[in-house]
Amino acid sequence: MQRASANTIKLSNYAFILAEKIRYDKGQTTALANLARYYYVKCDYELSLRYLLKSSAISDYIHDLDGKAGMTNLLALIYLAQKKFIPAKKELYSAISLNKKLNNSQRLAGNYFNLALASKELKQSDSTFYYIQLSKKLAVKNNDDHLIAMNNNRLGEYYCSEGRSEEAVFYYTSVIKNPKYQNDWENSFAYTGLAKCSYSKKKYNDAILYAHKGLELAQKTNTLWDIHMALKVLHEAYHAAGKDALAYKFQTLEKQYSDSLSNEKTEIELTSLSLKRKEAENDALMRKNQVAQQKAANSQMLMLLIASVSASLFIILGLNIWNTRKKQRLYNDIQEKSEQILAQNRLIEKQNAELLESNRTKNKLFSIIGHDLRSPFATIIASFKMFKTGYLGEAEKEIILDKIYEQVSATSEMIDHLLTWANSQKEGLNTQKQKFCLSQKMEQIVEVFSNTAENKQISLIHDCTEPIFVYADPDQVHILFQNLVANAIKFTKPQGEVEISYQQSPSHLLVTVKDNGIGMSAEKLSQLFTMTGKGISTYGTKYEKGLGIGLNLVKQFADLNDATITVNSIENQGSEFIVSFNILTDETI
């Protein structure tokens, strides 16, 4: 194996040097891509990334969409290995777009499978199941037995996590007993999956038997992650069966492999990634300059030849003609320099415009974060003030502590969500549409504001009996409804009610956030989406302070996602915000 590995590196390096020598760009990208994939399999992500970015830069230069698609998928895998799941999904969407243009269904199947892995780590169960099904459908169409086995294993894992053991066992068994295709790596995953199912049903002896089979195959293929998972099940199953000595033995082995998997040397910071991308871009620019210099040298030789012939003609035709041409060349030089100055001025103007847009985006990001954190932190502070009074009993303190813990957990999740989204928007507001479960997103919002509503004695109702899906940017839609729910609570009096409901028609999905609060006058209603700051912002029913920016952002995010907002409000009776999305269809996706 070591000799084969050494030969792989040696041959790939030799191929790259030879291709570079003869200026064969496609050959260079292929050699660099092979090196990138080799070091990825070896978990040397630093070297893999270096070769990947160089290959990708050359692919960009020569417009090689096939090479670009392969390297984009590999970059997503490196992100997955580094637990950077959101950037991984972004790269996979790019790879999918390229492979659709190339009509490469085999690579598309792999892209969808990797997208399912990223969705699983982000706990997006609906998306996980959706992308596994897409990947398996294409794998069956392409007769890709290996990818079919991988998808069946992930279906088993999905159903096991959902508590549907019988369906999980069916898919794991289909991998192990497939007469057409066998693979030790996938069989190891399947046996360990059967062990988990047996453990969940408290059949500890069966779990031990399956886990040992999974461990044996994982050690045979030397796959660290699969060895670690089999050892984990063995440790837990032996402990549950009362065999503590064996449980301790496998717990010790599990810890060793866990430490190996979490080795800090494999961590690649995003800052480093950004620098390496810039280095690859510089390599591409240098290559472009080399080609330009070669063309300039050829042009110079041609000019010398023309100059020699012209010199002879100048002598024959006389000094008068020679002087005329000299003046023409001088005029051309002046005109060329003038055009260069104009081009530089246009570049400066473009950079100034980009700087202004970047500054506006930064201000919006800070405004969004400040606006969305105000309400939950106000609730937490109010809970702590109750502690300081000293009038609470132990039972009441315990109840309030539980609520503070729930609110802090929900707020922490919201902060992570906001910061992740804000980091992705550094270059400007980007809308990344995808299919996602809106009702699940709404549950997260309700959880964040449940304590705020309870403290104001307001009923916060989410009227939903089945999953609701939309095709839009999940982060922007999250912020949109987070603002609407926060405002509804803010302007509703104690004993009031805030209700979130859905209504579907053949062409549209209507999402309504309704309250029976203080409502708005006709004058304020007419200014709702056109003014910000003190001109529109007011205090809530408990004097909650606002920034006057929320509804302006709501309107902006609705427009970016092709949604419309209708507002009905009567002063002292309440308000109703209706957001209309285009209905989700196969053509939309």
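Two strands are taken as paired if DSSP finds at least two bridges between them. Strands themselves are DSSP runs of E of at least two residues, and helices are runs of H or I of at least four, numbered from the N terminus.

The model is a predicted one, in which local features need pLDDT of at least 70 and side-chain atom pairs count only at pLDDT 80 or more, while totals for chains, interfaces and linings use all residues. Residues are numbered from 1 along each chain as its sequence is written, and side-chain values use heavy atoms, with hydrogens and water left out.

**The sheet**

Select β6 and β7 (residues 574–582): seven bridges join these antiparallel strands. Within this pair, Thr 566 stands opposite Ile 578 of β7.

Extend the selection to the open sheet, whose five strands follow the order β2-β4-β5-β7-β6 with mixed pairing. Because β2 (459–462) and β6 (564–570) are the edge strands, each with a single partner strand, one side of each has no neighbour in the sheet. From one strand to the next, the twist averages 15°.

Add helix α17 (residues 438–455), which packs on the sheet and touches β2, β4 (497–504), β5 (508–515) and β7; contact here means heavy atoms within 4.5 Å. The direction of α17 makes about 175° with that of β2, where axes are lines fitted to C-alpha atoms, for helices over the stretch in contact, and angles run from 0 to 180 degrees between N-to-C directions.

**Inside the sheet**

Turn next to β4 and β5, a hairpin with three residues between its strands. Their pairing is antiparallel, over seven bridges, and Val 498 stands opposite Asp 515 in β5. From β5, eight bridges lead to β7, again in the antiparallel sense; here Asp 515 has Ser 575 as its bridge partner in β7.

Stay on β7 and select Ser 580. Ser 580 counts as buried because its relative accessibility is 11%; buried means under 20% relative accessible area, exposed over 50%, and partly exposed in between (1.4 Å probe, protein chains only). Beyond residues up to four places away in sequence, the contacts of Ser 580 are His 508, Leu 509, Leu 510, Asp 562, Ala 563 and Thr 564.

**The cores**

A nonpolar core is a set of buried Ala, Val, Leu, Ile, Met, Phe, Trp, Tyr and Cys residues joined through side-chain atoms within 4.5 Å. The largest has 41 residues, and Leu 509 is one of those with the most contacts inside it. Helix α18 (474–490) is among the elements giving two or more residues to this core, and its nine residues are the largest share.

Finally, select Leu 92, Leu 117, Leu 155 and Ala 190, which are among the 33 residues of another core, lying apart from the largest one.
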